[in-house]
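Q: Could you take me through one part of this structure up close, as if I were new to reading models? I'd like to see how a single strand sits among its neighbours.

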Amino acid sequence: MYVYQSIAQSLFDHGQGTMFGLMGDANLFMVDHYVREGGGTFVPVAYEGSAVLMALAYGRVAGRVGVATVTHGPALTNCVTALTEGARGHVPIVLLAGDTPVSNPHNLQNIDQRETVKVTGAGFEQMRSPETASYDVAHAFYRAQVEKRPIVLNMPADFMWQEVEHVSHVFPAFNAPAYVPAGDDLDEAVGMIASAKRPIILAGIGAKDSVPQIIELADRLEAPLATTLKAKGMFSGHPYNIDIFGTLSTPAAYEAIDKADCVVAFGTSLHQFTTDKGALMKGKRVVQINDTVTEVSKNYHPHAALVADAGLTAKNIIWWLDEAEIPGSGFTAELDMEVLTAHPKGNPEKAKPGYVNFEYALDRLEEALPKDRFLTTDGGRFMTEVWCRLSVPDAESFIATTNFGSIGLGLQVAIGAGFAIPGRSVILFTGDGGFMMGGINEFNTAVRMKQDLIVIVANDSAYGAEHIQFLDRKMDPGLSMFDWPSFADVATALGGQGVQVNSAEDLETAIQAIATRDGPLLIELRLDPNDVPRMRL
């Protein structure tokens with residue numbers, strides 16, 4: 001077969017039935033074979049970076065390596081932000097990127113693609129020859145899994161019509177989580193935990209496969225449970241779940257955390273927002289458990305650290321507590337969980353004419369949106385209030401596009417997640433600036449692909465972070481403000497349904513539209529730029 005056919009067949013050898021991308025000179029025949037001969041699902045995007053973001057979300061939610069494809073030169077440079085987001089989030093995907101023909105170094109779109117990829121933190125894999133095509137694809141998948149980051153496979157265009165014999169290669173990424181801590185480090189950690197009077201169990205997304213064991217340890221210690229932002233929803237339904245730990249905690253939860261004397265952290269790097277720049281860790285013993293040595297003490301130096309599997313370590317700690325007949329701490333008995341988890345209710349009367357109060361709108365949407373939701377957020381000043389007020393059923397039902405601090409990534413992530421969870425509703429909260437930057441060009445993709453997608457645009461007609469800085473310095477914020485078109489009208493023009501909300505009454509109309517929708521729905525919340533809650537960071 002031809003090389004382009006061998007590449008497509010290699011994807012099927014790896015069980016990859018969904019690919020996101022945009023076709024060009026170097027990949028169009030591969031995509032055509034993947035769809036027409038192999039029956040694969042190809043999701044055609046409007047912008048190359050979107051393909052990477054969709055693959056990141058699809059892979060994260062589906063629990064597998066996501067796949068995207070673009071052509072060469074400017075197509076790859078359009079993926080730089082998305083690849084950086086994936087590399088910093090440790091999400092494995094393979095990006096099949098075309099390259100200009102080796103035989104034509106003067107091609108207008110020729111660049112050093114290895115160096116372009118290198119600056120993002122993603123890995124680079126060169127397709128060495130037509131004969132090694134299937135091997136190189138397999139090695140890219142292997143690297144993505146073991147390195148936990150995007151890998152870009154560089155495919156020269158002049159290889160595609162070379163004839164080769166296809167050989168199926170699949171390299172298993174061996175994983176042996178059956179290791180438990182031992183020695184002095186374990187003794188020190190167990191001693192700190194056993195002597196704690198007010199312990200708290202904190203879990204990050206790195207512990208997502210160990211939820212039952214971590215809950216068992218918390219119950220044994222009579223300790224409340226908390227999560228990092230990325231693990232939001234991990235302990236939904238548990239009676240002593242205090243939700244997000246750190247700057248996003250409620251004031252009452254923050255106070256309870258402050259009173260704790262020991263934090264046992266599983267699968268988190270303990271960055272500055274979780275620890276509130278270290279303030280929340282003062283006066284406490286901190287025990288950190290991670291399965292990767294580079295994550296231990298990466299951002300915060302704990303008093304004891306165990307490089308081990310989260311679930312097995314939790315069970316091991318329970319065994320030692322039982323062996324020493326250590327009683328429960330009684331900390332949970334001191335806590336009023338209703339007070340700890342309550343956010344102040346939004347007031348619909350607070351909004352000026354022509355606007356809706358954001359906190360009130362979020363409270364109503366929390367009630368009205370589908371309960372079995374998948375939630376994602378774009379970047380912007382609106383996002384922290386969404387994280388605090390909107391619930392999710394579990395940690396696998398939430399992604400915040402915050403690894404690189406970029407706006408304009410949310411809608412693409414929402415679409416990718418939708419392909420991983422057919423039959424469930426995906427909810428995206430985005431700002432007006434983020435939607436104009438990266439959402440408006442893919443909303444029609446959601447329409448074309450018939451996604452069950454609800455987009456809520458927090459439209460304050462401004463770039464919020466900049467607006468705040470101008471106001472704080474008593475300067476004119478005019479340059480941060482924009483007179484956008486009606487996003488509701490734009491959504492309708494792009495084939496979906498749009499509803500504009502200028503009042504509490506309009507919000508009820510939008511909520512009715514949620515119940516009757518039959519395709520992508522966009523709800524535009526008109527917000528007073530001077531009355532949007534500040535970010536809780």
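A: Let's start with the pairing: in this predicted model, strand β4 (residues 93-99) runs parallel to β6, and six bridges join the two. To find a spot where they meet, look for G98, which sits opposite M155 of β6. β6 also pairs with strand β5 (residues 123-126), again in the parallel sense, this time over four bridges. Here you can pick out F124, whose bridge partner in β6 is V152. To get from β5 to β6, the chain passes through helix α7 (residues 133-147), and this β-α-β crossover is right-handed.

Now, is β6 itself enclosed or open? Six of the six residues in β6 (residues 151-156) are buried, so the strand is largely enclosed by the rest of the structure. It helps to know a general habit of strands: in a regular one, side chains alternate between the two faces of the sheet. In β6 both faces are covered, with I151, L153 and M155 buried on one side and V152, N154 and P156 buried on the other.

Let's zoom in on N154, which belongs to β6. Its relative accessibility is 1%, and because the cut-off for buried is under 20%, N154 counts as buried. The N154 side chain has a polar contact of 2.6 Å with the side chain of Q113. Setting aside residues within four places in sequence, N154 is in contact with A97, G98, D99, Q113, F124, E125, Q126 and M127. Two names there should ring a bell: G98 is the residue that stands opposite M155, and F124 is the one that bridges to V152.

E125, another of the contacts of N154, leads us to some charged residues. E125 is linked with R143, E147 and R149 in a network of salt bridges.

Next, have a look at helix α1 (residues 3-13), because β6 is among the elements that cover its buried residues. Eight of the eleven residues of α1 are buried, so this helix, too, is largely enclosed by the rest of the structure. The buried ones are V3, Y4, Q5, S6, I7, A8, S10 and L11. Besides β6, their cover includes β1 (18-21), α2 (28-36), β3 (66-70), β4 and α7. You've already met β4 as a pairing partner of β6 and α7 as the helix of the crossover. Just after α1 comes G15, with a positive phi of about 70°.

For a last stop, let's compare notes with another buried residue, E48, in helix α3 (residues 48-62). What does a buried charge like E48 have beside it? E48 has no salt bridge, and R448, the nearest side chain of opposite charge, is 12 Å away. There is, however, a polar contact of 2.9 Å between the side chains of E48 and N78. Not counting residues up to four places away in sequence, E48 touches L22, V70, A75, N78 and C79.

So if you go back to the strand we began with, picture β6 paired in parallel with β4 and with β5, with buried residues on both of its faces.

Conventions. Residues numbered from 1 in each chain as written. Predicted model: local features only at pLDDT ≥ 70, side-chain atom pairs only at ≥ 80, totals over all residues. Heavy atoms only, no water. Buried < 20%, exposed > 50% of the residue type's maximum accessible area, 1.4 Å probe, protein only. Pairing = 2+ DSSP bridges. Right-handed = clockwise from strand over helix to strand, strands pointing away. Lys, Arg positive; Asp, Glu negative; His and termini not counted. Salt bridge = Lys/Arg side-chain N within 4 Å of Asp/Glu carboxyl O. Polar contact = N/O pair within 3.5 Å; in protein donor to acceptor, adjacent residues only side chain to side chain. Contact = heavy atoms within 4.5 Å.
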